[in-house]
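Trainee: I should like to learn how a ligand site is read in a model. May we work through one together?

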Amino acid sequence: MPTITHLINGERIAGTGRTTEVFNPSTGAAIRQLALADRATVQQAIDAAKAAFPAWRKTPAAKRAQVMFRFKFLLEQNEAKIVQLISEEHGKTLEDAAGELKRGIENVEYACAAPEILKGEYSRNVGPDIDAWSDFQPIGVVAGITPFNFPAMVPLWMYPLAIVCGNCFILKPSERDPSSTLLIAELLQEAGLPKGVLNVVHGDKEAVDALIEAPEVKALSFVGSTPIAEYIYSEGTKRGKRVQALGGAKNHAVLMPDADLDNAVSALMGAAYGSCGERCMAISVAVCVGDQIADALVQKIAPQIHELKIGAGTSCGLDMGPLVTGAAKERVTGYIDAGVAAGAELVVDGRGLSVSGNENGFFIGGTLFDKVSPEMSIYTDEIFGPVLCIVRVGSLEEAMQLINDHEYGNGTCIFTRDGESARLFCDEIEVGMVGVNVPLPVPVAYHSFGGWKRSLFGDLHAYGPDGVRFYTRRKAITQRWPQRASHEAAQFAFPSNG
Ligand code: NAD
């Protein structure tokens, strides 16, 4: 089996010591070996980034942006190869993988605007012969730790922006599906990025801890599950680092009695079962306002769930591939068992699905529960699989209370034709990203992405304008050039224009 290497100082580094296997979830077979970085390997990457920083920091923003222009072109040229690798190791369909790559490229496009983004703020004559400006300077060496579910897009949320802001970056991708992530990083080298500005180290907790503990690493961006997000946020901030840690989710869709049901069903099908439910913005709860809309939803959606086209992600024309690992399949199956035991009504059961020709793949079918109540684990926990739960409530206020009481607050949406309900929902719901008749309200690259409550730890959201703030330090400069030198007496009152 081939071994996936690290990328340090522009070179492929094989690494020594521990390795792990990378699987093709559609077949259930191990297909590659992955070198897991030890502390010494991580330090090698940190040293390379630190050495590259002084020159990269001084490189004009326009030149940094030119590298991103070439990178965007190379990403588009290599789309088929990247998409194939994503699908092979993650299991998502080729079309879905292409979608994530395109959304990742949007972040590269945003990074191409570096000279505009980094212009700063300037005020002339803030006092007698005094001018003032704010500069947005890079932080230095920063690191990103990313999850398995978007091996192309989530890293692209981070390093293009961090790098055009003048930082040097160390990426620790997910150990489940690192090949597309590595290929994309190599394309950035090919685009002309100087050695050491971007380094990729593969690994697990040992590598992550080395990044957290290294004093040279000034900021950490994390995307993954909430327990690890909390750990990285507390350990990183304790050491004085800037940390942005995006965690897990439980996203509710509210169906009002006046919703356009056919369109809402199509939207829910994609949002609940696309990518086998392994999206942090997946809709996993449908909150139906009234029994009538709940009954109609069950009647319309159940047959469509039975008809989902499920198979090896790398085949064309499918709706859904497998889950990422055997352990993920066991976990999701365990939740379905628990839902049944807790008394929820299992309308469609995805357990026990076998895909002909891929019997050892980590497949599970689309699953639907009705009459779910808020104390059940299928409601409280992030299942991260193709399981949709219907909760029935009596009013919009009750639906909103339910959502606001949940510990997660990543995404939510409302299906309605009533502007008043939609406006109230947008105004008062305690969730970071909200859709109105839009099931996956993932902000475009020139806005910023982030949840509320236990879905995000840190003050700034990811990418877009908040990303620029995260990857830069503001420096406020006040400068005076008096017209001619003259002696001025000391002033003891606080200087002001008063
Ligand atoms: P994960 O938390 O298991 O892993 C994420 C990263 O953390 C990986 O790089 C992994 O190697 C590392 N890691 C794992 N265990 C660690 C430990 N003990 N110490 C230090 N580092 C560790 O998450 P995952 O299973 O890869 O991804 C799925 C999760 O990510 C879901 O909870 C999903 O909601 C979340 N997610 C959130 C967003 C968001 O924007 N909020 C986006 C994508 C995924």
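Trainee: Which pocket does the ligand take up?

Mentor: A pocket is an open set of points on a 1 Å grid over the protein atoms alone, where a 1.4 Å probe fits, with protein on both sides within 12 Å along at least five of seven lines. A molecule sits in a pocket if more than half of its atoms lie within 2 Å of its grid points. Here the ligand takes the space of the largest pocket. This is a predicted model, in which local features need pLDDT of at least 70, side-chain atom pairs count only at pLDDT 80 or more, and totals for chains, interfaces and linings use all residues. Numbering starts from 1 along each chain as its sequence is written, and side-chain values use heavy atoms, without hydrogens and water.

Trainee: How many residues surround the ligand?

Mentor: A residue counts as near if one of its heavy atoms lies within 4 Å of the molecule. The ligand is surrounded by 26 residues, and the closest are Lys172, Glu175, Ser225, Gly247 and Glu382.

Trainee: Which side chains have an N or O atom 2.6 Å from a ligand oxygen?

Mentor: A polar contact to the ligand is a pair of N or O atoms within 3.5 Å. The side chain of Glu175 places such an atom 2.6 Å from a ligand oxygen, and the side chain of Ser225 also has one at 2.6 Å.

Conventions: Polar contact = N/O pair within 3.5 Å; in protein donor to acceptor, adjacent residues only side chain to side chain. 1 Å grid on protein atoms, 1.4 Å probe; cavity = no way out; pocket = protein on both sides within 12 Å on 5 of 7 lines; lining within 4 Å.
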